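Me: I should like to learn how to read the features of a protein structure. Could you take me through one in order?

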Amino acid sequence: MKIAKLALAAVALTTTAAVAPGVATAQEAAAGVTAGAIVYGNDGVEIGTVESVEGETAVLVVDGMKAPVPAAAFGTGEQGATLNATKAQIVGMLEAAHQEAMAKRDAALVVGAEAVTAKNAPLGTVLEIEGDNVIIARGGDETNKITLLREHFAAAPDGALMALMTNAQIDAAMAASAPAAESAGE
């Protein structure tokens, strides 16, 4: 499932009575947005489902893509939760954000790049890129190599290369795959 980290603009999506008569204001609706709610567009067509709500942010799932949306952006219509946009508009924004994120990742993912983990801890140096396989020298030690997939990386806000995992998660995955690799060689 693709994750597009895009906070949809609250101004563009906030439903107001002026835009849609008979629809509750965003402030009234924000308290009612719950996980599992089906969300409809301003055209009455289903957009997607709210996966979770944490604090003031709801995670909206649209065609397998996830987007954090301010809870205040939701309104309430006859069918339930609404956004002041169509599904096509939201899908377009999510796809554009995904393409931009992939372009930034690919620009950062080059041989010699220093990678950090999801918690901004040092991971290592990119030694080779073979298709979707990225070979990293952990801590810069070329005898301590790991291979991650291109999809395991993103560009950090500062443009640096960032793995989407922590060192602990990488170590756990390596440990779990080691017995399988050893038994395959026997």
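The dialogue below moves from the whole protein to its sheets and then to two residues.

Me: On what footing does this description rest?

Reply: This is a predicted model, in which local features need pLDDT of at least 70 and side-chain atom pairs count only at pLDDT 80 or more, while totals for chains, interfaces and linings use all residues. Residues are numbered from 1 along each chain as its sequence is written, and side-chain values use heavy atoms, with hydrogens and water left out.

Me: How many helices and strands does the protein have?

Reply: Helices (H or I, at least four residues) and strands (E, at least two) are DSSP runs, numbered from the N terminus. Here the protein has four helices and 12 strands.

Me: In what order do the strands of a sheet lie?

Reply: Two strands pair if DSSP finds at least two bridges between them. One open sheet has six strands in the order β4-β3-β2-β1-β6-β5, with mixed pairing. Its edge strands are β4 (65–70) and β5 (75–76), each of which pairs on one side only.

Me: How do the neighbouring strands β2 and β3 run, and how many bridges join them?

Reply: Strands β2 and β3 run antiparallel and are joined by five bridges; Thr 49, for instance, has Val 61 in β3 as its bridge partner. The hairpin of these two strands has two residues between them, and Gly 55 takes a positive phi near 65° there. Six bridges join β3 to β4, also an antiparallel pair, and Leu 60 stands opposite Ala 67 in β4. In the hairpin of β3 and β4, again with two residues between the strands, Asp 63 has a positive phi near 50°.

Me: Which helix lies across β2, β3 and β4?

Reply: An angle runs from 0 to 180 degrees between N-to-C directions, with axes fitted as lines to C-alpha atoms, for helices over the stretch in contact (heavy atoms within 4.5 Å). Helix α3 (residues 87–108) lies across β2, β3 (57–62) and β4, and runs at about 105° to β4.

Me: What is the strand order in the other open sheet?

Reply: Another open sheet of six strands has the order β10-β9-β8-β7-β12-β11, and its pairing is mixed. Strands β10 (145–149) and β11 stand at the edges with a single partner strand each, so one side of each has no neighbour in the sheet. On average, neighbouring strands of this sheet are turned by 40° against each other, direction ignored. Within the sheet, six bridges join β8 (residues 122–130) to β9 (residues 133–138), which run antiparallel, and Thr 125 stands opposite Ala 137 in β9.

Me: Is Arg 105 buried or exposed?

Reply: Buried means under 20% relative accessible area, exposed over 50%, and partly exposed in between (1.4 Å probe, protein chains only). Arg 105, in helix α3, has a relative accessible area of 7% and is therefore buried. Leaving aside neighbours within four places in sequence, Arg 105 is in contact with Arg 150, Glu 151, Phe 153, Ala 154 and Ala 155. In the protein, buried residues make up 37% of the 186 residues.

Me: Where is Ala 160 found, and which residues is it in contact with?

Reply: Ala 160 is found in the loop between β11 (153–155) and β12 (161–163). Its relative accessibility is 28%, so Ala 160 counts as partly exposed. Apart from neighbours within four places in sequence, Ala 160 is in contact with Ala 108, Ala 154 and Ala 155. Ala 160 and Leu 109 are 51 residues apart in sequence, and 8.7 Å apart in space from C-alpha to C-alpha.
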